[in-house]
Amino acid sequence: MMRVEPVELDGRIALAIEVKLPKTTLLVVTTDKGYIMCGALDVGLLNEKLKDRHIIAGRATGVRTIEDLLEAPLESVTYEAEALGIVAGMKGRDAVMKMF
């Protein structure tokens, strides 16, 4: 099952995506500029093999819901996210706000 819905953050709208898979759930909150995602995101791959795409993204681990993803500290971020001031340890919500 897949659920897609808007999520309002300080008057701005991001898109929350939840994909139920066997034994796991993929969680993403995205804007037109970048996204945060659950532990399934491979930040190393984005930074190394896909670096020419300049992807702005962050990864949070141990999250089970969209609200968890927004409240959790990011475990890792891409180089492009760092260039926007997004850093590991920052709450997902704060990172998304920098992606508008």
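1. A convenient place to enter this predicted model is Val7, whose bridge partner in strand S2 is Ala14. The pairing to which this contact belongs is that of S1 with S2, which run in the antiparallel sense and are joined over 8 bridges.

2. Stepping back from that pair, the reader will find that 6 strands form an open sheet, arranged in the order S1-S2-S3-S4-S5-S6 and with mixed pairing. S1 and strand S6 (76-77) stand at the edges, and because each has a single partner strand, one side of each is left without a neighbour in the sheet.

3. Turning to charged side chains, the structure holds 6 salt bridges, and one of them joins Arg3 to Glu18, with the closest N and O atoms 4.0 Å apart. This pair links distant parts of the chain, since Arg3 belongs to strand S1 (residues 2-9) and Glu18 to strand S2 (residues 12-21), with the two positions 15 residues apart in the numbering. The strands that carry this salt bridge, S1 and S2, are also the ones that pair over 8 bridges.

4. Is each partner of that salt bridge buried or partly exposed? Arg3 counts as partly exposed, because its relative accessibility is 34%, whereas Glu18, with a relative accessible area of 9%, is buried because this value falls under the 20% cut-off.

5. A second group of charged residues deserves attention, for Glu67, Glu71, Lys91 and Arg93 are linked in a network of salt bridges. Within this group, Glu67 forms a salt bridge with Arg93, the closest N and O atoms being 3.0 Å apart. The two residues come from distant parts of the chain, Glu67 lying in helix H2 (residues 66-71) and Arg93 in helix H4 (residues 92-98), 26 residues apart.

6. Arg93 also meets the side chain of Glu71 in a salt bridge, at 2.8 Å from N to O. Because Arg93 lies in helix H4 and Glu71 in helix H2, this pair ties together parts that are 22 residues apart in sequence.

7. How accessible are Glu67, Glu71 and Arg93? Glu67 is partly exposed, with a relative accessible area of 45%; Glu71 counts as partly exposed at 31% relative accessibility; and Arg93 likewise counts as partly exposed, at 25%.

Key. Residues are numbered from 1 along each chain as its sequence is written. This is a predicted model: local features need pLDDT of at least 70, side-chain atom pairs count only at pLDDT 80 or more; totals for chains, interfaces and linings use all residues. Side-chain values use heavy atoms; hydrogens and water are left out. Helices (H or I, at least four residues) and strands (E, at least two) are DSSP runs, numbered from the N terminus. Buried means under 20% relative accessible area, exposed over 50%, partly exposed in between (1.4 Å probe, protein chains only). Two strands pair if DSSP finds at least two bridges between them.
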